[in-house]
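Here's a quick briefing to read with the structure open beside you. Take a look at the picture, then work through the points below.

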Amino acid sequence: MPNPVTTELPAASAVDRKPAADPDITDPNDPVQDRVALLEAIQHQVAVFARRAEQTRLGGIGQARNSMDRAAYLLLNRLDQEGPMGVKALAAGMGIDSSTVTRQVAPLVDSGLVKRTSHPEDGRAVVLALSPRGATRLADVRTSRRELMAQATEDWSEDEREEFCDLLTRFNAALLRVNPSAATSGPVSS
């Protein structure tokens with residue numbers, strides 16, 4: 001069986017994840033070596049996933065494929081889910097600094113996907129809101145990306161999809177927990 005540490009094929013079992021054993025040096029029944037091999041396989045699969053996700057940008061299929069970058073998608077999605085808000089609130093909610101949000105929002109405003117409006121309680125303050133054009137565009141991109149996920153997991157059961165989503169959610173939260181500074185760095189959220 002191929003070793004996922006050196007190939008891009010998914011691991012089928014713990015046996016597949018073990019590095020090639022040298023009978024003079026390694027003990028194939030050593031739980032420490034099993035754990036090291038498993039962690040090595042996980043880090044490799046995460047690296048492969050990151051590369052493939054960047055190559056496809058998980059952009060979906062059809063006309064909306066790759067039509068929206070990650071930063072725009074995350075900003076529009078947050079505005080859609082939480083409603084109009086100021087730059088500081090948007091930045092805090094996304095775990096990035098205000099200057100990053102300001103820079104990322106500017107092209108969205110210029111293209112008409114986001115609109116700036118006066119704060120309802122303080123007319124001097126500005127809030128960002130998803131425009132009708134932005135809502136339509138976001139819906140198109142979501143549909144395209146949802147179809148990509150459906151195709152990528154078409155031979156999975158609903159339980160497997162739910163488990164993958166739960167585990168990926170936990171994994172993302174764990175990465176943030178072990179590296180809290182990642183929440184404020186541009187590349188992670190952009």
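Let's start with the nonpolar patch on the surface: α2 (31–56) and α7 each supply at least two of its residues. Keep in mind that this is a predicted model, with a mean pLDDT of 79 for the protein.

**The nonpolar patch**
- This patch covers about 810 Å² of surface, and its members are Leu38, Leu39, Ile42, Val46, Trp156, Phe164, Leu168, Phe171, Leu175 and Val178.
- Which helix gives the most to the patch? That's α7, with five residues.
- Trp156 sits in a loop, the one that runs between α6 (132–152) and α7.

**The negative patch**
- There's also a negative patch on the surface, formed by Glu154, Asp155, Asp159, Glu160, Glu162, Glu163 and Asp166.
- One of these, Asp166, belongs to helix α7, which spans residues 158–178.

**Salt bridges**
- How many salt bridges turn up in a search of the whole structure? The search finds three.
- One pairing to look for is Glu82 with Arg78, whose side chains meet in a salt bridge at 2.6 Å, N to O.
- Both Glu82 and Arg78 lie in helix α3 (residues 70–82), and they're four residues apart, or about one turn of the helix.

**How confident is the prediction?**
- Across the protein, 73% of residues reach a pLDDT of 70 or more.
- Among the elements, α7 has the highest mean pLDDT (94), while helix α8 (residues 186–189) has the lowest (37).
- Over residues 1–21, pLDDT stays under 50, and the model has 38 contacts beyond four places in sequence for this stretch.
- Residues 184–190 also stay under 50 in pLDDT, and here the model has 16 contacts beyond four places in sequence.

Conventions: Residues are numbered from 1 along each chain as its sequence is written. This is a predicted model: local features need pLDDT of at least 70, side-chain atom pairs count only at pLDDT 80 or more; totals for chains, interfaces and linings use all residues. Side-chain values use heavy atoms; hydrogens and water are left out. Patches are made of residues with over 30% relative accessible area and no salt bridge: like charges are joined within 9 Å, nonpolar side chains (Val, Leu, Ile, Met, Phe, Trp, Tyr) within 5 Å. Accessible areas come from the Shrake-Rupley method with a 1.4 Å probe; for residues, only the protein chains shown count as cover. A salt bridge is a side-chain nitrogen of Lys or Arg within 4 Å of a carboxyl oxygen of Asp or Glu. Lys and Arg count as positive and Asp and Glu as negative; His and the chain ends are not counted. The place of a charge is taken as NZ of Lys, CZ of Arg, CG of Asp or CD of Glu. pLDDT is the predictor's confidence in each residue, from 0 to 100. Contact means heavy atoms within 4.5 Å.
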